[in-house]
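Q: Hi! I have a protein model open and would love some help finding my way around it. Could you take me through it?

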Amino acid sequence: MTWVLAACLLWLPCTPGHAGEMLTWLLRDLPPLNIFEGSQKGRGVVDLLMPQLIASLPEYQHELARVNRARGMQMLRDPSFTCDPALIWSKERAQWIVFSITSFRVLSNGLAIRRADREQLTRFIHDGKVDLHGLLESGKELIGVVAERSYGQQLDSLLQQVPPEQIRAHYGNDALGSLLQMQRLGRLQLLLGYWPEIRYQAEQQGIAPEDLEFYPIEGISQYQEIHVGCSDTPQGRQAIAKIDQALLKLREERLVELYAAWLDPGMRDQYRADARAYFQGLRDH
């Protein structure tokens with residue numbers, strides 16, 4: 001199901017006579033980027049970015065569509081004027097999506113398990129990271145994923161090697177919440193995702209985050225780059241050129257701080273330092 005909200009009802013003043021093509025923004029319930037429910041509703045990183053992105057594109061009308069990941073991908077494939085403000089680049093997606101420059105970086109996806117299941121997985125955990133390849137190769141565990149989501153090039157390649165019967169891909173609007181309930185009931189043991197997202201959704205599902213454990217995955221980069229992506233149409237390519245200019249002004253200060261606020265306090269300074277070094281490297285090139 002798709003919920004479409006007029007942007008002016010949320011953030012923008014409705015200006016009589018405002019002309020221009022309609023740009024549809026695809027938003028997913030993806031804490032801490034977008035938050036649809038709970039005490040932090042509307043206060044995610046992308047929630048707070050959107051008014052500034054929209055303001056940078058005054059020549060268009062804007063509408064916000066709440067979609068699940070699978071529906072969002074379908075809409076981006078269509079020859080429409082559609083953009084998603086929080087996408088991971090992949091070679092496959094780049095065939096039909098035009099991507100912006102990096103807007104910000106997030107800590108990479110990892111593996112969440114129930115604390116009660118730790119002993120069964122101990123032999124696959126080394127120095128605080130999990131050998132996901134070896135764990136899945138053992139052929140005993142089911143892993144939960146959100147259908148049509150990219151977990152980054154490295155993890156996507158790994159998942160392509162896993163027998164389909166070991167993967168539980170959920171297509172629903174509350175996909176991660178449903179997967180967490182399946183995990184709670186013992187119907188799957190492993191769950192891929194971002195820790196801030198898993199922790200937030202667990203609380204929404206009545207699951208105590210302290211009952212879960214999260215492990216980075218061996219061989220996976222610490223961070224993943226987030227981009228704006230639009231349907232690869234003339235309108236989409238034109239919009240991305242303007243979005244890039246807006247992101248150059250927003251990403252190093254505004255977006256870094258918005259994401260850092262969601263991290264554990266002990267991780268924030270390192271994240272800020274890594275972000276500064278990353279963007280400095282982009283400028284040097």
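**Salt bridges and cores**

A: Happy to! This is a predicted model, and a good place to start is arginine 272, which is partly exposed, with a relative accessible area of 22%.

Q: Ok, which residue does arginine 272 form a salt bridge with?

A: Its partner is glutamate 257, and their closest N and O atoms are 2.8 Å apart. Glutamate 257 sits in helix H9 and arginine 272 in helix H10, so the pair links distant parts of the chain, 15 residues apart.

Q: And glutamate 257, is that buried or exposed?

A: In between: glutamate 257 has a relative accessible area of 35%, so it counts as partly exposed.

Q: What about arginine 283, what does its side chain meet?

A: Arginine 283 meets the side chain of glutamate 252 in a salt bridge, 2.4 Å from N to O. Here too distant parts of the chain are linked, with arginine 283 in helix H10, glutamate 252 in helix H9, and their positions 31 residues apart. Arginine 283 is partly exposed at 45% relative accessibility, and glutamate 252 is partly exposed at 26%.

Q: How many salt bridges does a search of the whole structure find?

A: It finds 14. Among the linked residues are Arg28, Arg69 and Asp84, which are joined in a network.

Q: Let's try glutamate 197. Which residue is its salt bridge with?

A: Arginine 149, with the closest N and O atoms 3.0 Å apart. Glutamate 197 belongs to helix H8, while arginine 149 is in the loop between strand S9 and helix H6, so the pair ties together parts that are 48 residues apart in sequence.

Q: Are those two buried or exposed?

A: Both glutamate 197 and arginine 149 are buried.

Q: New topic: how many residues are in the largest nonpolar core?

A: There are 47 residues, and Trp25, Leu53, Phe104 and Ile243 have the most contacts inside that core. Several elements supply at least two residues each, including strand S2, helix H2 and helix H10. The largest share, eleven residues, comes from H9.

Q: Why would nonpolar side chains be buried together?

A: That is a general tendency in soluble globular proteins.

Q: Back to phenylalanine 104. What does it touch?

A: Leaving out residues up to four places away in sequence, its contacts include Leu33, Val45, Ile226, Leu255, Tyr271 and Phe279.

Q: And the second core, which residues does it include?

A: That separate core has 35 residues, and Leu111, Ala112, Ile198 and Ile207 are among them.

Notes:
Residues numbered from 1 in each chain as written. Predicted model: local features only at pLDDT ≥ 70, side-chain atom pairs only at ≥ 80, totals over all residues. Heavy atoms only, no water. Core = buried A, V, L, I, M, F, W, Y, C linked by side-chain atoms within 4.5 Å. Buried < 20%, exposed > 50% of the residue type's maximum accessible area, 1.4 Å probe, protein only. Helix = DSSP H or I, 4+ residues; strand = E, 2+ residues; numbered from the N terminus. Contact = heavy atoms within 4.5 Å. Salt bridge = Lys/Arg side-chain N within 4 Å of Asp/Glu carboxyl O.
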